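Student: Walk me through one part of this model in detail, please. I'd like the strand pairing and what packs around it, and then a quick stop elsewhere.

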Amino acid sequence: MTSQEKKQIKHFLPLLPLKNVVILPKSIIPIIVGRAVSIQAVEYALKHSKEIFISAQKDPAVENPTPDDIFTYGTRSIILQVMRMPKGALKILVEGVNRAKMISYEQEGGFYQAEYEDVETKKTDRTLEIEALWRHLHDLYLRYTQLNSKIPQDLMGNAKTVEDIDGIADTFTIHMNLTFDERQELLEISSLEDRLVRLAQLMNKEIDILETEERIRGRVQNQVEKNQREYYLSEQLKAIQKELGREDQYHEIAQLRTKIKSLGLPAEPAEKIDRELKRLEQMAPMSAEAVVSRNYIDWIISLPWSKTSKDTVSFEDAEKILNKSHAGLKKAKERIIEFLAAKKFSKALERSPIICLVGPPGVGKTSLAESIAESLGREFVRISLGGVRDEAEIRGHRRTYIGALPGKILQAMKKAKYQNPVILLDEIDKMSQDTHGDPGSALLEVLDPEQNKTFVDHFLELEYDLSKVMFITTANHLEGIPYPLFDRMEIISLSGYTDTEKISIATNFLIPKNLKEYGLKKTQCKIGDDLLKTIISDYTKEAGVRQLNRTIAKIMRKTIQKFLETPSLKSVAVTPALVKEWLGNTKYKKIDLDTQTPKIGLATGLAWTEMGGDVLEIEATIMPGKGSITLTGQLGDVMQESAHAALSYIRAKAVDFGLPSSFNQSRDIHIHIPEGATPKDGPSAGITMCTALISALTKNPINSHVAMTGEITLRGRVLGVGGLKEKILAAHQHNISTVLLPYENKDDVEEFIKDIPAHLNLIYVKTIDEVVKYALMKNPFIHNMKKTKKKTKTTAQSK
């Protein structure tokens, strides 16, 4: 006899354990099945008879129960419907068929099979005892339905047989408000008489509870009547206070009503204020609740609900304002001019763009937002989000808290006094989150044009329209912005300034600003362009102009000091000697590539930092050893992976480079990047490390006037990287004549090619083979080909 036939005789069914749920015969309930074992049991049942043995867990905290953790008594059930849910879960609708008892179990196919036997109700004919119990239960149930209106009254039916009574008793159990243990107890009672007795006891208990609840409701109703009486007396008290001249509060409320009517508020806030005023009239003037209510009314009144400012600035004037206040930043200016053009063309356009300005510190993101507001003729409000970690900072606190206030968004709207200001959300990438919520998630509604027209602050609990606000956000890194928030904004990248742009900014903005601040005339302090270039290259290292501004300010102060020391002095022409005296020795020394000769294992790479571009010298050395590789200089995980990828590429092409295929087994490799105190990471140094390794292994020097950047793959492909403008400018500052760039970035470079000095040679490469041809003093492939030909010729002569 086969095992399958054996199971059919012994009545095996897949076992489905449930938490805190007891299924009774005749009951139909939905179940969410999420555990892998349970899903397999259900799938097995669906493929066969659709019958399943369902029982409750003894301890609901057990996540992976065994049959020992499950009650022996359960219900033989049938699966009526099944719905497949995300992540593999199932939602099934099951109907209890009959009481059943688990005799034994065995594990099969990842789930448990339970051997069971149906538990038939122990009943006799309709005896006097059964009849008496049934009538008593009938009366109790009628009383129970009178107290609990949620229970249907037609369940009693016409019980003609014992089987009818058995089924109706289980139906009572299903509809009654019983605990888990009480339901399991009734499930396990097979004797009809005993079950009816226990059911009557539980129904009596429920009736007592419902009667107690009814008495409590009666007392509450009496309390309500008492409150109405107190209201009547308070109205009389108001009349008495009026006679006594204490009507300041009522006069103030009347003034508020007049002011609200003149504001023309939308229906919802007007209705809310009206209710609050009625409540305020009933409160004592100095009570805490009255203060909270009055504060709430003041906030609603102070917000601009329909007042908007008109965009008075013309298309041409806006362009002049932007160009006057900021040099460069072409993309950001173009976007604002586009908006003004669209606004002028379509008068019905009210929705404003949501712009995110991304760039290193000091490039003018915050001041550009102010200029944008000026160019549009709108009010400007700045909100700093750096370090904000509480959702309530955006959405506000609920009025139940003492000292509750609306969030920063509505506070900014109150400050602006118009419905269409320019709001700057500064440092949006510096937000964090903790147990108080995630402010980044709260901003999703604020920065979504489809949702912010119905923004709800927790304090106001009213819908407020933010769709007319122009939101401008700033960030230093895109990595710190959650993707759902990033997706709602139009990203405009602001790269660092070139030396030419910095000189222009210093001449047109920074020097006049500092002259005015320190009360100096233009003729009293003269700083030439050549001197500015020296200051920029030797005393500042940044993408923006903050350090440059502080340095110019220091020169102004030193000039004033010189005037005070020498009263007869009329003017100071700042010279390199004075700069060295006032500012000290050069702070940022650059690599002197002019004096360097080609070296083996020393490659020049380009890096992007928050202060702009920089040049990295990557050193590689080879030593006798056992094939280990050492990476030093505080390299991050990505940079270390790039080094390993470079080594794997060289090993794969060892023969092409004239190296033994097993060269790594007898040599140790050490790669070091100086300035070890500074952490470094990113894939863009991949081709530089690979070039340094090839040079060190083949004893082939690297051209010191060639710099490079790009990511390397195991196949030797060169992939695109970011921060190219800053990197190329850094190469120019260090007197590098040739820069090797990924071919994938060619279109990116074309956008700012006019800012690149003409004498700088940019070469675009697709593979590492091209890189080494340009970077190494000797072409390693040609050298290897000659050796191969020579070896072949010698072999032929010997033959």
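Tutor: Let's start with one residue pair: I629 stands opposite I669 in β19. Before going on, note that this is a predicted model, where local features need pLDDT of at least 70 and side-chain atom pairs count only at pLDDT 80 or more, while totals for chains, interfaces and linings use all residues. Residues are numbered from 1 along each chain as its sequence is written, and side-chain values use heavy atoms, with hydrogens and water left out.

Back to the strands. β18 runs parallel to β19 (residues 667-672), and four bridges join them. Strands count as paired if DSSP finds at least two bridges between them; strands (E, at least two residues) and helices (H or I, at least four) are DSSP runs, numbered from the N terminus.

Zooming out, that pair belongs to an open sheet of seven strands with mixed pairing, in the order β18-β19-β17-β16-β20-β23-β24. At the edges you'll find β18 (629-632) and β24 (761-765); each has a single partner strand, so one side of each has no neighbour in the sheet. From one strand to the next, the twist averages 25°.

Now for the helices on the sheet. α21 (residues 637-652) packs there and touches β18 and β19, its direction making about 145° with that of β18. Contact means heavy atoms within 4.5 Å, and angles run from 0 to 180 degrees between N-to-C directions, with axes being lines fitted to C-alpha atoms, for helices over the stretch in contact. α25 (residues 768-775) also packs on the sheet, touching β20 (706-708), β23 (738-742) and β24, and its direction makes about 150° with that of β24.

For the quick stop, look at a helix pair. α17 and α19 (residues 546-565) pack at about 45° with their axes 10 Å apart. They are therefore oblique to each other, a label for whatever is left once angles under 35 degrees (roughly parallel), over 145 (roughly antiparallel) and 65 to 115 (roughly perpendicular) are taken out. On the α17 side the contact includes L510 and Y518, and on the α19 side I552 and I560 are among the residues involved.

I560 leads us to Q524: the two are 36 residues apart in sequence and 9.3 Å apart in space, C-alpha to C-alpha. Q524 sits in the loop between α17 (499-518) and β14 (525-526). Leaving out residues up to four places away in sequence, Q524 touches G519, T559, F563, K570, S571 and V572.
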